[in-house]
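Hi everyone, thanks for making time. I'd like to walk you through a structure that's probably new to most of you, so please have it open while I talk.

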Amino acid sequence: QVRQIYEKYPIPKGCSVKDDARFAYFCSNLWPRIRESPTSQGIFIVVPSSFDFIRLRNFLKKEDASVTALSEYLAPQDASRCR
């Protein structure tokens, strides 16, 4: 059985750029909890677009997070190595 947690984030009124609000919420609220959690191994994050993926990947690299990225563009043998 896999434990799943969904987070609903607030979007400020008048915010025309929801991608920026979502990313800011991740950086300020979710990432600190993930980083400090003793059970943070094996976290699966779903990203809605390639732009969000690149932004998140760059942020996690900057934070020196141990990350493996899977996408539909990976060759099957590369995807197997990521598991």
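**Salt bridges and a helix face**

Let me start with one residue: R22 is partly exposed, with a relative accessible area of 24%. Keep R22 in mind, we'll come back to it. Before that, a quick caution: what you're looking at is a predicted model.

Okay, the overall picture. The protein chain has 3 helices and 0 strands, so if you read along the sequence you get the pattern α-α-α. Of its 83 residues, 12% count as buried. The chain exposes about 7,300 Å², and carbon and sulfur atoms supply 53% of that. As for contacts with a separation of 6 or more, 41% of them come from residues 24 or more positions apart.

Now let's zoom in on α2. This helix covers residues 50-62, which is 13 residues, and at 1.5 Å a residue it should span 18 Å. The end C-alpha atoms are 18 Å apart, so that agrees. Which residues of α2 are buried? They are D52, L56, F59 and L60. If you look down the axis of α2, those buried residues fall within an arc of 95°, so they line one face of the helix. And what do the buried residues of α2 pack against? That would be α1. Over on the other side of α2, F51, K61 and K62 are exposed. Just after the helix, D64 takes a positive phi of about 60°.

On to charges. Side chains of opposite charge can pair when their charged atoms come close. How many salt bridges does the structure hold? There are 6, and I'll show you a few.

Here's where R22 comes back. D52 forms a salt bridge with R22, and the closest N and O atoms are 2.7 Å apart. D52 sits in helix α2 and R22 in helix α1, so this pair ties together parts that are 30 residues apart in sequence. Is D52 buried or exposed? D52 is buried, because its relative accessible area is 9%, and the cut-off for buried is under 20%.

Next, E63 and R35. Their side chains meet in a salt bridge at 3.4 Å, N to O. This one also links distant parts of the chain: E63 is in the loop between α2 and α3 (76-82), R35 is in helix α1, and they are 28 residues apart. E63 is partly exposed at 29% relative accessible area, and R35 is partly exposed too, at 42%. While we're on partners, salt bridges that share them join D19, R22 and D52 into one network.

One more pair: the side chains of E7 and R33 meet in a salt bridge, 2.5 Å from N to O. E7 is in the segment before α1 and R33 is in helix α1, 26 residues apart, so to speak another link between distant parts of the chain. E7 is partly exposed, with a relative accessible area of 35%, and R33 counts as partly exposed at 47%.

Last stop, Y6. Y6 lies in the segment before α1 (18-36), and it's exposed, with a relative accessible area of 70%. The side chain of Y6 makes a polar contact with the side chain of Q4, at 2.6 Å.

That's my tour, and I'm happy to take questions.

Definitions and conventions
Residues are numbered from 1 along each chain as its sequence is written. This is a predicted model: local features need pLDDT of at least 70, side-chain atom pairs count only at pLDDT 80 or more; totals for chains, interfaces and linings use all residues. Side-chain values use heavy atoms; hydrogens and water are left out. Helices (H or I, at least four residues) and strands (E, at least two) are DSSP runs, numbered from the N terminus. Buried means under 20% relative accessible area, exposed over 50%, partly exposed in between (1.4 Å probe, protein chains only). A polar contact is a pair of N or O atoms within 3.5 Å; within protein, one must be able to donate a hydrogen and the other to accept it, and residues adjacent in sequence count only if both atoms are side-chain atoms. The expected span of a helix is 1.5 Å times one less than its number of residues. The arc is that of the directions from the helix axis to the C-beta atoms. Contact means heavy atoms within 4.5 Å. A salt bridge is a side-chain nitrogen of Lys or Arg within 4 Å of a carboxyl oxygen of Asp or Glu. Accessible areas come from the Shrake-Rupley method with a 1.4 Å probe; for residues, only the protein chains shown count as cover.
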